[in-house]
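Welcome! Here are a few exercises, each followed by a worked solution, to help you find your way around a new structure.

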Amino acid sequence: MFTTVFFLPRLAAAVLLVLACSVAGAQTPAKPAKSPAPAPAPKAAEGKTLSLGGGTGTDSRILTRDELRQCIKRQETLATRRAEVESQRDPLAKEKESLVQEQEALKADREKMEGLRQTIKDLNARFTAYAARVTAFNDRSKAVQEKTGRSADRERDALEHERGELQKEQASLEADRAKLGEGTQQQVEAFNARATALDQRVADWNQRNGALVDAAQGVNKEREAWVAECGDRRYREEDEIAIRKGK
């Protein structure tokens, strides 16, 4: 551009000299030809732009290098958090299957235990009633010992008859208790312990699963924010190359 500015005056002087000669030798000199305008300098080519979201980028604003650096960092953090969430899904699903199987097994045992528990309850009620009859029998036996006469004898005969009934009832109760076995109560207690432990495991699973759901929702919200602030905006490829090189 500077060369053109310096040489234009000299070119004009040369044209005028030629024209002067033409005037001297001709009646109608030709008009001077216009010098061609200098060609405009070519514009610098714009760098290639890309989108972190993989699309065309709906936001026309170009990310600065610092903004791009932050967006890349957020993208990497999101990928790490998403991987952490996904890594917990399969173990929780398998644990759920195990818990469901245990619940089904406990359900079958519960029906058996409910029948056994009711049998024990009924037997205990019979023993309680028997103990009350024995206490009443002993009180009447003590009282009749101080009495005399025919009425006292009849009462003693009635008590003796009742003694035989009480002995029969005692034998029946002992036989029924023997049928249950000495470990029956322990079986019921062991079942109750299993049920309590399983309930605690289910509650713990529900808590951890709820926390995972919350974490997944948090990642999704952050992903949506990242798409709006980073994924839908374009950036210069040269800036990404520089960032990857640590610049």
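**Exercise 1.** How many salt bridges does a search of the whole structure find?

*Solution.* Keep in mind that this is a predicted model. The search over the whole structure gives 19 salt bridges.

**Exercise 2.** Take the salt bridge between Arg-208 and Glu-95: how far apart are the closest N and O atoms, and which parts does the pair tie together?

*Solution.*
- Step 1: Start with the atoms. The closest N and O atoms of Arg-208 and Glu-95 are 2.6 Å apart, and the cut-off for a salt bridge is 4 Å.
- Step 2: Now place the two residues. Arg-208 belongs to helix H4, while Glu-95 belongs to helix H2, so this pair links parts lying 113 residues apart in sequence.

**Exercise 3.** Work out the sheet: in what order do its three strands lie, and why does one side of E1 and of E2 have no neighbour in the sheet?

*Solution.*
- Step 1: Look at E1 and E3. They run antiparallel and are joined by three bridges. Along this pairing, Thr-49 is found opposite Arg-236 in E3.
- Step 2: Turn to E2 and E3 (residues 233-236). Here the pairing is parallel, over two bridges. Asp-59 stands opposite Arg-233 in E3, and Ile-62 stands opposite Arg-234 in E3.
- Step 3: Put the pairs together. The result is an open sheet with the order E1-E3-E2 and mixed pairing.
- Step 4: Check the edges. Strands E1 (49-51) and E2 (59-62) each have a single partner strand, so each is left with one side that has no neighbour in the sheet.
- Step 5: Add the twist. On average, and ignoring direction, neighbouring strands of this sheet are turned by 35° against each other.
- Step 6: Finish with the helix that packs on the sheet. Helix H5 (residues 237-244) touches E1 and E3, and its direction makes about 70° with that of E3.

**Exercise 4.** Describe the largest pocket: what is its volume, and which helix gives the most to its lining?

*Solution.*
- Step 1: Note the volume, which is about 170 Å³ for the largest pocket.
- Step 2: List the lining. It holds 12 residues, and those nearest the pocket centre are Leu-123, Arg-177, Leu-180, Gly-181 and Thr-184.
- Step 3: Assign the helices. H2 (65-144), H3 (150-180) and H4 (184-231) each supply at least two lining residues. H2 gives the most, with four residues.
- Step 4: Sort by character. The lining of the largest pocket divides into five nonpolar, five polar and two charged residues.

Conventions
Residues numbered from 1 in each chain as written. Predicted model: local features only at pLDDT ≥ 70, side-chain atom pairs only at ≥ 80, totals over all residues. Heavy atoms only, no water. Pairing = 2+ DSSP bridges. Axes fitted to C-alpha atoms, helices over the stretch in contact; angles between N-to-C directions. Contact = heavy atoms within 4.5 Å. 1 Å grid on protein atoms, 1.4 Å probe; cavity = no way out; pocket = protein on both sides within 12 Å on 5 of 7 lines; lining within 4 Å. Points joined across faces, edges and corners; volume = space filled by probe spheres on them. Nonpolar A, V, L, I, M, F, W, Y, C, P; charged D, E, K, R; others polar. Salt bridge = Lys/Arg side-chain N within 4 Å of Asp/Glu carboxyl O.
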